[in-house]
Amino acid sequence: MKKFLSAALCAVLLLGLLPSMTPPAGMATVGRIMPSVTSAYVGDLISWTGFGSSQYPGSTGFVQEIAYYFNGGFSGVSSSSAPNMPFTISIYATQPGRYDAIYRVRDSFSDDSTYSPSIFAVLRPAPKNVKVTAVNGTSLKVTWDAVPGADGYE
């Protein structure tokens, strides 16, 4: 009986050592991606920053990518090969709609990605209290209340 218990105890102890003897599964890890704004107007700059990524020790070929989408359709991608560094991409909202981004991290062991919250771009509100006054027979004077956030008018 003592021999059986000794053998069983040795087996349990050896099985407990197995996880430390096997190499861990290698993988790049992706942190998170954050947009610079939660909503935007057409013409605004939107940026996404991916951070918290890391490369598995001994891995080669590390790449970070941020792919961005407009209304669910692929619009473009930018990449960087600097592990453990925040990575940012910026675009202008050119149309009203939904803008999304995916932050992807790849190395020679794995591929991982995370999604940003959606950003909805809308048209700026129209000017209010628009008034037209005749200056002379060939000129008009147009005035209106300022539109919040507008940098200029055309």
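**Burial, contacts and ring pairs**

Student: Where is glutamine 64 found?

Tutor: Glutamine 64 lies in strand β4. Strands (E, at least two residues) and helices (H or I, at least four) are DSSP runs, numbered from the N terminus. This is a predicted model, in which local features need pLDDT of at least 70, side-chain atom pairs count only at pLDDT 80 or more, and totals for chains, interfaces and linings use all residues. Residues are numbered from 1 along each chain as its sequence is written, and side-chain values use heavy atoms, with hydrogens and water left out.

Student: Why does glutamine 64 count as buried?

Tutor: Buried means under 20% relative accessible area, exposed over 50%, and partly exposed in between (1.4 Å probe, protein chains only). Glutamine 64 has 0% relative accessibility, so it is buried.

Student: What makes the approach of glutamine 64 to tyrosine 103 a polar contact?

Tutor: A polar contact is a pair of N or O atoms within 3.5 Å; within protein, one must be able to donate a hydrogen and the other to accept it, and residues adjacent in sequence count only if both atoms are side-chain atoms. The side chains of glutamine 64 and tyrosine 103 meet at 2.3 Å, so the pair qualifies under that limit. A polar atom of the glutamine 64 side chain also lies 3.4 Å from the backbone oxygen of methionine 85.

Student: Which residues does glutamine 64 touch beyond four places in sequence?

Tutor: Among them are Gly50, Ser78, Phe87 and Arg104. Contact here means heavy atoms within 4.5 Å.

Student: How many aromatic pairs does the structure hold?

Tutor: It holds four. One of them joins tyrosine 69 and phenylalanine 74, 5.7 Å centre to centre with 75 degrees between the planes.

Student: What makes the pair of tyrosine 69 and phenylalanine 74 edge-to-face?

Tutor: Rings of Phe, Tyr and Trp (its six-membered ring) pair if their centres lie within 6.5 Å; planes under 30 degrees apart count as stacked, over 60 as edge-to-face and the rest as tilted. The 75 degrees between these planes is over 60, so the pair is edge-to-face. Tyrosine 69 is partly exposed because its relative accessibility is 21%, while phenylalanine 74, at 55%, counts as exposed.

Student: Why is the pair of phenylalanine 70 and tyrosine 99 called tilted?

Tutor: Their planes are 50 degrees apart, at 4.9 Å centre to centre. That angle is neither under 30 nor over 60, so the pair is tilted. The pair links distant parts of the chain, with phenylalanine 70 in strand β4 and tyrosine 99 in strand β7 (residues 97-106), 29 residues apart. Both rings belong to buried residues, because phenylalanine 70 has 18% relative accessibility and tyrosine 99 has a relative accessible area of 3%.

Student: How do you know that β1 and β3 pair?

Tutor: Two strands pair if DSSP finds at least two bridges between them. Four bridges join β1 to strand β3 (residues 45-51), so the antiparallel strands pair. Isoleucine 33 stands opposite glycine 50 in β3.

Student: What is notable about phi of asparagine 71?

Tutor: Most residues other than glycine have a negative phi. Phi of asparagine 71 is near 50 degrees, a positive value. Asparagine 71 sits in the loop between β4 (63-70) and β5 (73-80), and counts as partly exposed because its relative accessibility is 46%.

Student: Where does the confidence stay under 50?

Tutor: pLDDT, the predictor's confidence in each residue from 0 to 100, stays under 50 over residues 17-24. The mean for the protein is 81.
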